[in-house]
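I open this notebook to record what I looked up in one chain, entry by entry. The entries begin with a helix pair and then turn to the chain and to single residues.

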Amino acid sequence: MVFRKPPDGGWGWVIVVVSFFTQFLCYGSPLAVGVLYLEWLDVFGEGKGKTAWVGSLANGIGLLASPVCSICVSSFGARPVAIFSGFMVAGGLMMSSFAPNIYFLYVSYGIVVGLGCGLLYTATVTITCQYFDKRRGLALGLISTGSSVGLFIYAALQRELIDLYGLDGCLLIVGALSLNILACGSLMRPLESPDSPPPEKTCVDKVPEQYFVYHEKEKTVEENISILEKGYIDEKCVNNMPDYKQDSILNKNVLNSINVNEKDTYKKKVVEQTNFCKQLAKRKWQLYLNYWEETMVLFKNRVFSALFVAILLFDIGGFPPSLLMEDVARSADINEDDYHMPLISIIGIMTAVGKLTLGILADFKWVNTLYLYVTTLLMTGLALFAIPFAKSYLTLAMLSGFLGFLTGNWSIFPYVTTKTVGIEKLTHAYGILMFFAGLGNSLGPPIVGWFYDWTQEYDTAFYFSGFCVLLGGFLLLLAALPCWNACTNQSSKLPPNTYSYKVASSA
């Protein structure tokens, strides 16, 4: 497939709009699952840790399956994947309305909806990158706010729908709204050249048709040999026959000689195909070995090793508030009359503000993106330690907004990854880091829920969460100290396209 040069506009802005609404529609309910979490606790009567698995799977399974999602988009294209994933998200939400137990929700809401969201995220990012080059950062920033706006609106929407139609009706209506993803996906027109030449035929297509004579008539090479031997015996018998029979037999011999040539060609083709398969298998195995060698080289990078630990601990500790903050407010016996806006909505709108603000800061030359990212981790840890001391709606709302703003550090995470490993290894490294981020998203809320089931209060749970985030931040800060760079420069030079983290360096 031949692609044109990215137009940086035109139909690309339509792609930005539909990608924004795609992320809005698919991530709205999973990110605002905290509202549904309260209802599931009351309906099924399970522990908080077991119930939290539903929302954690929905948000983590897409990141865990990011390599599979990338392969699907590369193989089939963004538009078919988006349309298919729209059916997955809508079907999973509607199936969840008929859930008889919490285990059914693990599959319908956690896996089906989560995997559909992962596919849609990959499709929207891929098609946007194809249409934009110079304005790619702006385009990606605009579509990424779709999930944050979806969190802000869906938190209030789902609560209102539950009050009007109940939990089952809410899930059915939200699932029906998700069907609009099909319309958005149909507009994701691939960026193909209209006058591109037709694809060349493969080696198999170029083979003359006579090579495939034996495809329908004979099944094995042994049967071909037996047929040829029979023809050779018949040829010897021709000399002993009368003349009036020789003409017909000679015609058969001509056909047999043609079959001999075809047989030799067929055998040669089989040998060539066998050698090709062997070479292909060796090449795939070598690529597999190279992949793991490159992975080991990445983990030899001190900053990258600390970065994967930091992102894992950050998602274990920093993701639970967006899922459990509503239950924290209910556990603190806050009066519903003081509830002016859902806490999850506050987290959502401040996350969008944080993404834009931190992204702008990262573009300044005097800002070190790694230290900026470490600062957000340390401040997140301190905010998590403060949650047990918040006993009113106002204080919880302020902490929710602060945590939401700091969660916007996702917008600068690609910057940090690129400067750490280089642009050539960005795809490989980012895929590994996203896998650990998905693992943290999946484990964080259940761990916090288990702490509550064990202690019957959230204080210990958020102390644990804050400790995890602070530990990850301090490890990353320690790995990026300038003194390590001085020691490294004395022994060997830094590899090309890597980032030397110094206090005075620019991002």
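**Entry 1: a helix pair**

I noted first that helix 4 and helix 5 are oblique to each other, and I keep in mind throughout that this is a predicted model. I looked up the geometry behind that description and found that the axes of helix 4 (residues 66-76) and helix 5 (residues 78-96) come within 7 Å and cross at roughly 125 degrees. Since oblique covers what is left once angles under 35, over 145 and from 65 to 115 degrees have been assigned, the term follows from the angle. On the helix 4 side I listed Cys72, Val73 and Phe76 as the residues that make the contact, and on the helix 5 side Ala78, Pro80 and Val81. I then sorted the residues of this contact by character, which gave six nonpolar, no polar and no charged.

**Entry 2: the chain as a whole**

I turned to the secondary structure and recorded 21 helices and zero strands for the chain. Of its 507 residues, 46% count as buried. For the contacts between residues at least 6 apart in sequence, I noted that 83% join residues at least 24 apart.

How far does the confidence reach, as a mean pLDDT and as a share of residues at 70 or more? The mean pLDDT of the chain is 77, and 74% of the residues reach 70 or more. I marked two stretches for caution: over residues 227-233 pLDDT stays under 50, and the model has six contacts beyond four places in sequence for them. Over residues 490-507 pLDDT also stays under 50, while the model has 45 contacts beyond four places in sequence for that stretch.

**Entry 3: three residues of helix 7**

I looked up Ser178 in helix 7, which spans residues 136-178. Ser178 is buried, with a relative accessible area of 0%. A polar atom of the Ser178 side chain lies 3.0 Å from the backbone oxygen of Val174. Setting aside residues up to four places away in sequence, I found Ser178 touching Leu25, Gly86, Val89, Ala90 and Leu93.

Leu167 lies in helix 7 as well, and at 13% relative accessibility I entered Leu167 as buried. Which residues does Leu167 touch, not counting those up to four places away in sequence? I found Leu36, Glu39, Trp40, Val43 and Ile162. For Glu39 I also looked up the spacing: Leu167 and Glu39 are 128 residues apart in sequence, and 7.1 Å apart in space from C-alpha to C-alpha.

Leu161 is another residue of helix 7, and its relative accessibility of 9% puts Leu161 among the buried residues, the limit being under 20%. Leu161 touches Gly166, Cys170, Ile173 and Val174, again not counting residues up to four places away in sequence. The C-alpha atoms of Leu161 and Leu171, which are 10 residues apart along the chain, are separated by 8.7 Å.

**Entry 4: a residue of helix 15**

I placed Thr351 in helix 15, residues 343-362. Is Thr351 buried or exposed? Thr351 counts as buried, with a relative accessibility of 8%. Beyond its neighbours within four places in sequence, I found Thr351 in contact with Ser148, Gly404, Phe405, Thr407 and Gly408.

**Entry 5: two loop residues**

Gly47 belongs to the loop between helix 2 (33-44) and helix 3 (48-64). I entered Gly47 as partly exposed, at 28% relative accessibility. Leaving aside neighbours within four places in sequence, Gly47 is in contact with Leu41 and Asp453. I also looked up the pair Gly47 and Pro446, whose C-alpha atoms are separated by 9.7 Å although the two residues are 399 apart along the chain.

Gln456 sits in the loop between helix 19 (426-455) and helix 20 (459-479). Gln456 is exposed, with a relative accessible area of 54%, and the limit for that class is over 50%. I checked the backbone of Gln456 and noted a phi near 60 degrees, which is a positive value in a residue other than glycine.

Notes
Residues are numbered from 1 along each chain as its sequence is written. This is a predicted model: local features need pLDDT of at least 70, side-chain atom pairs count only at pLDDT 80 or more; totals for chains, interfaces and linings use all residues. Side-chain values use heavy atoms; hydrogens and water are left out. Axes are lines fitted to C-alpha atoms, for helices over the stretch in contact, and angles run from 0 to 180 degrees between N-to-C directions. Helices (H or I, at least four residues) and strands (E, at least two) are DSSP runs, numbered from the N terminus. Contact means heavy atoms within 4.5 Å. Ala, Val, Leu, Ile, Met, Phe, Trp, Tyr, Cys and Pro count as nonpolar, Asp, Glu, Lys and Arg as charged, and the others, Gly among them, as polar. Buried means under 20% relative accessible area, exposed over 50%, partly exposed in between (1.4 Å probe, protein chains only). A polar contact is a pair of N or O atoms within 3.5 Å; within protein, one must be able to donate a hydrogen and the other to accept it, and residues adjacent in sequence count only if both atoms are side-chain atoms. pLDDT is the predictor's confidence in each residue, from 0 to 100.
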